[in-house]
Amino acid sequence: MLVKGGQKEFIDYPFYNFSGLKGQTKISRQGLHFYSRRVTLVVASNNKAFIDYFLRVLFTFPKVDIGNLMLAPEAVELEDHPEITDASRYICISPIVVLQPSLYDAEAKKFISPETDTFSDLLFESTIQRMEQSGEDPQKIEGIGKFQLVPDEDYLNKIRESQKKFARIYPLYDQDLKYEIRGYTFPFVLYAPKVVQEFIFTCGLGQFCHKGFGMLDIANADPSKRAVTYEFAETTA
């Protein structure tokens, strides 16, 4: 869709994030089945012009096919921005990826415990790099010295006791090549300056956010109570 719109600065634009389709679903051997009449896709970016561009292109499609699912764009709502502080508690809407994949080794599938400094350090490095590339004020970035992710220990212990997983291997397609990466989903508190918190809330946390990974929401928030109709220009000026 970004290519079809033809606006050069947004075709390869990476500073956005999106969720999986939300709806009533059931898993079978054939895949994920949707039983809802309507589904929701959450898209976020700190660039309103990009969001409007994406929506203009999306609504030129009478229908969108995803697998065997046929969708028709219907409406857009804007979520009210929640309160974000220097110590914000998040849940993962999509898995967080901390390592870049390679064709020649399985490094990206390596498990790194979220309880280690290494996990936080990798996310700090990728976040600062993305903020710099996005054009964030260099003076704000230079002053960032605090960044620590603290996972919910109770949640991790319950997952382990029930022999479930909070870290799984996912397929990733990049430049028409298939990679395998490890993604993590768990609640956590992030201690970081507000400028960092704002960036990851709208642009995602970790690697490959523009491919649907690393989308977060504030814990205990109810998006349905903070949504209003979103108006966007359907044609460029």
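Biologist: How many bridges pair β9 with β12, and in which sense do the two strands run?
Modeller: In this predicted model, Ile96 stands opposite Tyr184 in β12. The pairing of β9 and β12 is antiparallel, and the number of bridges over which it extends is two.

Biologist: Which strands lie at the edges of the open sheet that contains β12?
Modeller: The sheet is open and consists of three strands in the order β9-β12-β11, with antiparallel pairing. Because an edge strand here is one that pairs on one side only, the edges are β9 and β11 (167–174).

Biologist: Is Leu177 buried, partly exposed or exposed?
Modeller: Leu177 is found in strand β12, which covers residues 177–184, and it joins Leu103 and Tyr104 in making a nonpolar surface patch of about 380 Å². Buried would require under 20% relative accessible area and exposed over 50%. Because the relative accessibility of Leu177 is 35%, this residue counts as partly exposed.

Biologist: With which side chain does the side chain of Gln100 make a polar contact?
Modeller: Gln100 lies in the loop between β9 (96–97) and α4 (117–133), and because its relative accessibility is 45%, it counts as partly exposed. Leaving aside neighbours within four places in sequence, Gln100 is in contact with Ala108, Gln207 and Phe208. The polar contact, at 2.8 Å, is made with the side chain of Gln207.

Biologist: How far apart in space are Gln100 and Tyr179, C-alpha to C-alpha?
Modeller: Gln100 belongs to the loop between β9 and α4. In sequence, Gln100 and Tyr179 are separated by 79 residues, whereas in space their C-alpha to C-alpha distance is 9.7 Å.

Biologist: Which residues of β10 point to the buried face, and which residue is the bridge partner of Leu149 in β13?
Modeller: Along β10 (residues 148–151) the side chains alternate, with Gln148 and Val150 pointing to a face where they are not buried, while Leu149 and Pro151 point to the other face and are buried. Strand β10 also pairs with β13 (residues 188–191) in the antiparallel sense, over four bridges. The buried residues are therefore Leu149 and Pro151, and the partner of Leu149 in β13 is Leu190.

Biologist: Through how many residues does the hairpin join β2 to β3?
Modeller: Strands β2 (residues 25–28) and β3 (residues 31–34) run antiparallel and are joined by four bridges. Ser28 stands opposite Gly31 in β3, and the hairpin that joins β2 to β3 passes through two residues.

Key:
Residues numbered from 1 in each chain as written. Predicted model: local features only at pLDDT ≥ 70, side-chain atom pairs only at ≥ 80, totals over all residues. Heavy atoms only, no water. Patch = residues over 30% accessible without salt bridge, like charges linked within 9 Å, V, L, I, M, F, W, Y side chains within 5 Å. Areas by Shrake-Rupley, 256 points an atom, 1.4 Å probe, with all protein chains shown as cover. Salt bridge = Lys/Arg side-chain N within 4 Å of Asp/Glu carboxyl O. Buried < 20%, exposed > 50% of the residue type's maximum accessible area, 1.4 Å probe, protein only. Contact = heavy atoms within 4.5 Å. Polar contact = N/O pair within 3.5 Å; in protein donor to acceptor, adjacent residues only side chain to side chain.
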